[in-house]
Amino acid sequence: MAMTKFETSDSPHITLRACTGDLTVTSGDARAAMIEVDGEETNLTAQREGEAIFLTALEDCDIVCPPGTSITVQQATGDMHVRGIEGPLAIESAMGDLSLRGVGAVAIRLAVGDLEVRQARGDVTLNQVNGDIHIRNVEGKLTIEQCNGDLSMRDALGGVEIKEARGDVGLAGVLTPGKDYRARVAGNVKLRFLADASARCAFEAGGSLRCGLALADGEKGKHRVTGQLGA
């Protein structure tokens, strides 16, 4: 096993140029970053320029860093797990499954596998996800350009904009007053609102549409339902 450690501030920046194995990133010491890679020392390349750390890992890699670290992952081949990192997380290309918990703002360009996001304090922006997406408790806005798998969301507190979802979509939990929830979906859609929810609603479907909401001041047809929910 190869290991290196850097003394840092409480908010360094780590760029992982490539990781050919699984990647785990967790929060630890407030002013240090520790990197471990399986195998020989030649499997880890680490460089530092001020508060920026550049890494290349040729095997499974574990990173423990300050909670305020900002992280850029340019290419990850295996599965990725990120826990307790509150700084911005940017992922260019991830070939395996992604699990992100207790994070800040997230931006992902391409994720080939499944994606799970739980407890994100910032905006979550996803350009293309080929697998299924599971979202729980996102405080910022959730924006998805393209989801090729199924999508389930609960407590998307900052609003939702889904430009293209090719699988099935489910949305449940809290709707935040003043936020927009918009989606264009090719598959089936199931929405569950809390009993005291308030929203202006517009639903359109190419297939059948069933609505059990007590909507006022709108229209109700076979393929289109609109109206006011609650206050």
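In which strand is the place of Ala 172? The residue sits in strand S19. The model examined here is a predicted one.

The chain contains 23 strands and 0 helices. Its C-alpha trace spans about 65 × 30 × 20 Å along the principal axes. The chain has 231 residues, and 42% of them are buried. Among contacts in the chain with a separation of 6 or more, 33% are between residues 24 or more positions apart.

Strand S19 covers residues 169-173. The strand is mostly covered, with 4 of its 5 residues buried. Two pairings of S19 were examined. Strand S17, residues 151-156, is joined to S19 by 4 bridges, and the two run parallel. S19 is also joined to S21 by 5 bridges, again in parallel. Individual bridge partners can be named on each side. Met 153 has Leu 171 of S19 as its bridge partner. Leu 171 in turn has Leu 191 of S21 as a bridge partner. Leu 171 thus appears in a bridge with Met 153 and in a bridge with Leu 191.

Is Ala 172 buried or exposed? Its relative accessibility is 14%, so Ala 172 counts as buried, the cut-off being under 20%. Leaving aside neighbours within four places in sequence, Ala 172 is in contact with Met 153, Arg 154, Asp 155 and Arg 192. A further pair was compared by position. Ala 172 and Arg 136 are 36 residues apart in sequence. In space, their C-alpha atoms are 9.7 Å apart.

The search for open space came next. A probe the size of a water molecule, rolled over the atoms, shows where empty space is left. The largest pocket has a volume of about 1800 Å³. It is lined by 45 residues. Those closest to its centre are Val 189, Leu 191, Ala 202, Phe 203 and Glu 204. Leu 191 is also the S21 bridge partner of Leu 171.

Which strands each supply at least two residues of this lining? They are S18 (160-165), S19 (169-173), S20 (181-185), S21 (189-193), S22 (199-204) and S23 (224-229). S22 gives the most, with 6 residues. By class, the lining holds 23 nonpolar, 10 polar and 12 charged residues.

Strand S23 was followed through one residue. Thr 226 is found in this strand. Thr 226 is buried, because its relative accessible area of 14% is under 20%. Residues up to four places away in sequence were not counted among its contacts. Beyond these, Thr 226 touches Cys 201, Ala 202, Leu 215, Gly 218 and Glu 219. One of these, Ala 202, is among the residues closest to the centre of the largest pocket.

Charged pairs were then examined. Side chains of opposite charge can pair when their charged atoms come close. How many salt bridges does a search of the whole structure find? The search finds 11.

One of the salt bridges brings together the side chains of Arg 109 and Glu 92, at 3.3 Å from N to O. Arg 109 lies in strand S12 (residues 106-111), and Glu 92 lies in strand S10 (residues 89-94). The pair therefore ties together parts that are 17 residues apart in sequence. Both ends have some exposure to the outside of the chain by the computed areas: Arg 109 is partly exposed at 42%, and Glu 92 is partly exposed at 36%.

A salt bridge also joins the side chains of Arg 118 and Glu 116, at 2.8 Å from N to O. Arg 118 is partly exposed, with a relative accessible area of 32%. Glu 116 has a relative accessibility of 17%, so Glu 116 counts as buried. The pair belongs to a network of salt bridges that links Arg 101, Glu 116 and Arg 118.

Glu 164 forms a salt bridge with Arg 166. Their closest N and O atoms are 2.9 Å apart. Glu 164 is partly exposed, with a relative accessible area of 30%. Arg 166 is partly exposed at 48% relative accessibility.

How values were computed
Residues are numbered from 1 along each chain as its sequence is written. This is a predicted model: local features need pLDDT of at least 70, side-chain atom pairs count only at pLDDT 80 or more; totals for chains, interfaces and linings use all residues. Side-chain values use heavy atoms; hydrogens and water are left out. A salt bridge is a side-chain nitrogen of Lys or Arg within 4 Å of a carboxyl oxygen of Asp or Glu. Buried means under 20% relative accessible area, exposed over 50%, partly exposed in between (1.4 Å probe, protein chains only). On a 1 Å grid over the protein atoms alone, a cavity is a set of points where a 1.4 Å probe fits but cannot get out, and a pocket is an open set with protein on both sides within 12 Å along at least five of seven lines; lining residues have an atom within 4 Å of a point. Grid points are joined across faces, edges and corners, and a volume is the space filled by probe spheres set on the points. Ala, Val, Leu, Ile, Met, Phe, Trp, Tyr, Cys and Pro count as nonpolar, Asp, Glu, Lys and Arg as charged, and the others, Gly among them, as polar. Contact means heavy atoms within 4.5 Å. Two strands pair if DSSP finds at least two bridges between them.
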